[in-house]
Amino acid sequence: MHALVTGGGGFLGNYLCEMLIADGAQVRSFSRGEYPELEKLGVEVQQGDLCDRHAVTRACENIDCVFHTAALPGIGGPWQLFRDTNYLGTQNVLAGCRTHHIARLVYTSSPSTTFAGVDQCGIDESAPFDLAWLEQHDCHYSRSKALAELEVLKANNQGNLRTCA
């Protein structure tokens, strides 16, 4: 398998790259920075920005499965920054998958997508998104991740692409 890990230099992405390499996969990372530790593992490191559709599409070339772990986290900052990176960036990943006929996309979501001001104990993936609450309370990270997840799930079984979040 030839896998692409967006955000391969991040906490989750780094460990995912390590596990994929250990399992014998060929791995490409797409991240904003340079990560010599990934190159030492045998990961092909491509530097770029999720907001650059052409760069994301190039990163998807000759890939079998994309693990989309890259995101802008945080509780502060302007909506546009979160929207561009998390929502539009995910649309760029979907476009890259479609362009290169990638069969599988695994999207890393966040439990904060279902937060609506109440206790989250005991919830599972069936909990609904409350986008209006997230927007009203300026939960830019959570809202951008929820919108992105909805796009990924909507893309499932469109053509040959299978997705999960």
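## Overall fold

Read from start to end of the sequence, the protein follows the pattern β-α-β-α-β-α-β-α-β-α-α-β. This amounts to six helices and six strands. The model is a predicted one.

## Size and packing

The protein has 165 residues, and a compact globule with that number would have a radius of gyration near 15 Å. The value for the protein is 16 Å, which agrees. Along its principal axes, the C-alpha trace spans about 45 × 35 × 30 Å.

Of the 165 residues, 45% count as buried. Contacts between residues at least 6 apart in sequence were also examined, and 60% of these join residues at least 24 apart.

## Surface and charge

The accessible surface of the protein comes to about 8,700 Å². Carbon and sulfur atoms account for 53% of that surface.

The protein carries 12 positive and 19 negative side chains. The centre of the positive set and the centre of the negative set lie 7 Å apart.

## Histidine 68

Histidine 68 is placed in strand E4, which covers residues 65–68. Its relative accessible area is 1%; buried means under 20%, so histidine 68 is buried.

The side chain of histidine 68 makes a polar contact of 2.6 Å with the side chain of threonine 6. Leaving aside neighbours within four places in sequence, histidine 68 is in contact with Thr6, Leu50, Thr90, Val93, Leu105, Val106, Tyr107 and Thr108. One residue in that list, Thr90, falls within the span of helix H4, residues 79–99.

## Alanine 71

Alanine 71 is found in the loop between E4 and H4. With a relative accessible area of 28%, alanine 71 is partly exposed, because this value lies between the 20% limit for buried and the 50% limit for exposed.

Not counting residues up to four places away in sequence, alanine 71 touches Thr85, Asn86 and Lys145. Alanine 71 and phenylalanine 115 are 44 residues apart along the chain, and their C-alpha atoms are separated by 18 Å.

## Glycine 89

Helix H4, made up of residues 79–99, contains glycine 89. The relative accessible area of glycine 89 is 0%, so this residue is buried.

Apart from neighbours within four places in sequence, glycine 89 is in contact with Leu50 and Asp84. Leu50 is also among the residues in contact with histidine 68. Glycine 89 and cysteine 139 are 50 residues apart along the chain, with 18 Å between their C-alpha atoms.

## Serine 144

Serine 144 has its place in helix H6, which runs over residues 140–155. Serine 144 counts as buried because its relative accessibility is 0%.

A polar contact of 2.9 Å joins the side chain of serine 144 to that of asparagine 86. Not counting residues up to four places away in sequence, serine 144 touches Trp79, Phe82, Arg83, Asn86 and Tyr87. These residues fall within the span of helix H4, residues 79–99. Asn86 is also one of the residues touched by alanine 71.

How values were computed:
Residues are numbered from 1 along each chain as its sequence is written. This is a predicted model: local features need pLDDT of at least 70, side-chain atom pairs count only at pLDDT 80 or more; totals for chains, interfaces and linings use all residues. Side-chain values use heavy atoms; hydrogens and water are left out. Helices (H or I, at least four residues) and strands (E, at least two) are DSSP runs, numbered from the N terminus. Buried means under 20% relative accessible area, exposed over 50%, partly exposed in between (1.4 Å probe, protein chains only). A polar contact is a pair of N or O atoms within 3.5 Å; within protein, one must be able to donate a hydrogen and the other to accept it, and residues adjacent in sequence count only if both atoms are side-chain atoms. Contact means heavy atoms within 4.5 Å. The radius of gyration is taken over C-alpha atoms; the globule rule is 2.2 Å times the number of residues to the power 0.38. Accessible areas come from the Shrake-Rupley method with a 1.4 Å probe; for residues, only the protein chains shown count as cover. Lys and Arg count as positive and Asp and Glu as negative; His and the chain ends are not counted. The place of a charge is taken as NZ of Lys, CZ of Arg, CG of Asp or CD of Glu.
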